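This briefing goes through one protein model with its ligands, moving from the overall fold to the central sheet, the helices and the ligand surroundings. Please keep the sequence and the model in view while reading.

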Amino acid sequence: MHLLIPAAGMGRRMGSDRNKLLLLVRSQPIISWTLKAAEAANFISWIGIIAQPTDWQDLQTIIQKEKLTKPVELIEGGSTRQESVYNGLLALPAAAEQVLIHDGARCLATPDLFNACALSIRHHSGLIAAIPVKDTIKVVDENGIIQSTPDRRRLFAAQTPQGFDVKLLKQCHETGIRQGWEVTDDAALFEKCGYSVTIVQGEETNLKVTTPQDLAIAEFILSGRE
Ligand SMILES: Nc1ccn([C@@H]2O[C@H](COP(=O)(O)OP(=O)(O)OP(=O)(O)O)[C@@H](O)[C@H]2O)c(=O)n1
Ligand SMILES: C[C@](O)(CO)[C@H](O)COP(=O)(O)O
């Protein structure tokens, strides 16, 4: 299974002056943890890292240090996650019929989760890892006044990996470009195009390292895995 890792962000919410994926957690760059999990997942056979060229040298050093046995390619990132993933799709080898997409910033996803998604995508054209929400969610209007309280049993928090049929996902991205859709994940493009996306049980610990608090939580979770 081909895996694309969007890693071309700026990390604005982290307040960092460089790509947050190069920040250290337990003395190793965040992206190293993501790569270790991908390397350990038996069903992943090829890895494309989508990144800004300014980070390529650091990434090459990390790739060498991790001694990855799988082919790894660096692909130029775009100005949004959506653009970066589209660049990744265009750079996939012609033989790739299905693809998993996993945020570099979700460095705690386990090899088991990659494998579960890789197996499940054989039976679906679109899937995402997701977990049921634990909080009661409120929908508010522009003044912050609550409009409704959706039934929590129908609410899931989206994670990655997300997996798709490559041809369909490319078409959805191209429709998105024509229509000017701006989305935060690939499943949203699939949904908007009318294709179904199924849920694979995600992992409670599969957080996206977004803010400085997440760095501390990631540090804690990884320390429990040693
Ligand atoms: N132009 C972009 C923006 C984001 N990403 C990647 O998409 C994933 C999820 O994005 P997010 O956590 O929002 O990362 P950043 O964009 O770096 O963070 P922020 O939104 O706080 O700036 C990350 O692995 C990030 O590197 C990307 O490949 N290309
Ligand atoms: C794809 C994603 O990781 C699913 O949770 C997420 O939507 C991307 O990042 P953002 O923080 O929502 O921009």
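A residue is called buried if 20 or more other C-beta atoms, placed from the backbone, lie within 10 Å of its own, and exposed if 12 or fewer do. The model is a predicted one, and by that cut-off buried residues make up 37% of the 226 residues in the protein. Applied to strand β6, the criterion shows both faces to be covered, since Gln-98 and Leu-100 on one side are buried, as are Val-99 and Ile-101 on the other.

**Overall fold**

- The secondary structure of the protein consists of seven helices and 11 strands.
- The radius of gyration is 17 Å, close to the 17 Å that the globule rule gives for 226 residues, so the protein is as compact as a globular protein of that length.
- Taken along the principal axes, the C-alpha atoms fill a box of roughly 50 × 40 × 30 Å.
- Among the contacts with a separation of 6 or more, 73% are between residues 24 or more positions apart.

**The seven-stranded sheet**

- An open sheet with mixed pairing is formed by seven strands, which follow one another in the order β5-β4-β1-β6-β10-β7-β11.
- At its edges lie β5 (72-76) and β11 (198-201), each of which pairs on one side only.
- Neighbouring strands of this sheet are turned against each other by 30° on average, with direction ignored.
- Strands of a sheet pair through backbone hydrogen bonds, either parallel or antiparallel.

**Strand β6 and its two partners**

- Strand β1 (residues 2-6) runs parallel to β6 and is joined to it by three bridges, with Ile-101 in β6 as the bridge partner of Leu-4.
- Strand β10 (residues 156-165) runs antiparallel to β6 (residues 98-101), and four bridges join the two.
- Within this antiparallel pair, Gln-98 stands opposite Asp-165, while the bridge partner of Ile-101 in β10 is Gln-162.

**Helices α3 and α2**

- Helix α3 (residues 81-90) is largely enclosed by the rest of the structure, because seven of its 10 residues are buried.
- Those buried residues are Arg-81, Gln-82, Ser-84, Val-85, Tyr-86, Gly-88 and Leu-89, and they pack against the strands β1, β4 (46-51), β5 and β6 as well as the helices α5 (166-179) and α6 (186-192).
- Gln-60 has its place in helix α2 (residues 56-66) and counts as exposed because it has 12 C-beta neighbours inside 10 Å.
- From C-alpha to C-alpha, Gln-60 and Val-72 are 9.7 Å apart in space, and in sequence they are 12 residues apart.

**Ligand surroundings**

- Around ligand 1 there are 23 residues, of which Pro-6, Ala-8, Gly-9, Arg-12 and Arg-13 come nearest.
- By class, the shell around ligand 1 holds eight nonpolar, nine polar and six charged residues.
- Ligand 2 is surrounded by Arg-81, Asp-103, Ala-158, Gln-159, Thr-160, Thr-184, Asp-185, Lys-208 and Thr-210, a shell with one nonpolar, four polar and four charged residues.
- The element that gives the most to the shell around ligand 2 is β10, with three residues.
- Arg-81 is listed both among the buried residues of α3 and among the residues around ligand 2.

Definitions and conventions: Residues are numbered from 1 along each chain as its sequence is written. Chains are lettered from A and ligands numbered from 1 in the order in which they are written. This is a predicted model: local features need pLDDT of at least 70, side-chain atom pairs count only at pLDDT 80 or more; totals for chains, interfaces and linings use all residues. A residue is near a molecule or strand if its C-beta atom, placed from the backbone, lies within 6 Å of it. Ala, Val, Leu, Ile, Met, Phe, Trp, Tyr, Cys and Pro count as nonpolar, Asp, Glu, Lys and Arg as charged, and the others, Gly among them, as polar. The radius of gyration is taken over C-alpha atoms; the globule rule is 2.2 Å times the number of residues to the power 0.38. Two residues are in contact if their C-beta atoms, placed from the backbone, lie within 7 Å. Two strands pair if DSSP finds at least two bridges between them. Axes are lines fitted to C-alpha atoms, for helices over the stretch in contact, and angles run from 0 to 180 degrees between N-to-C directions.
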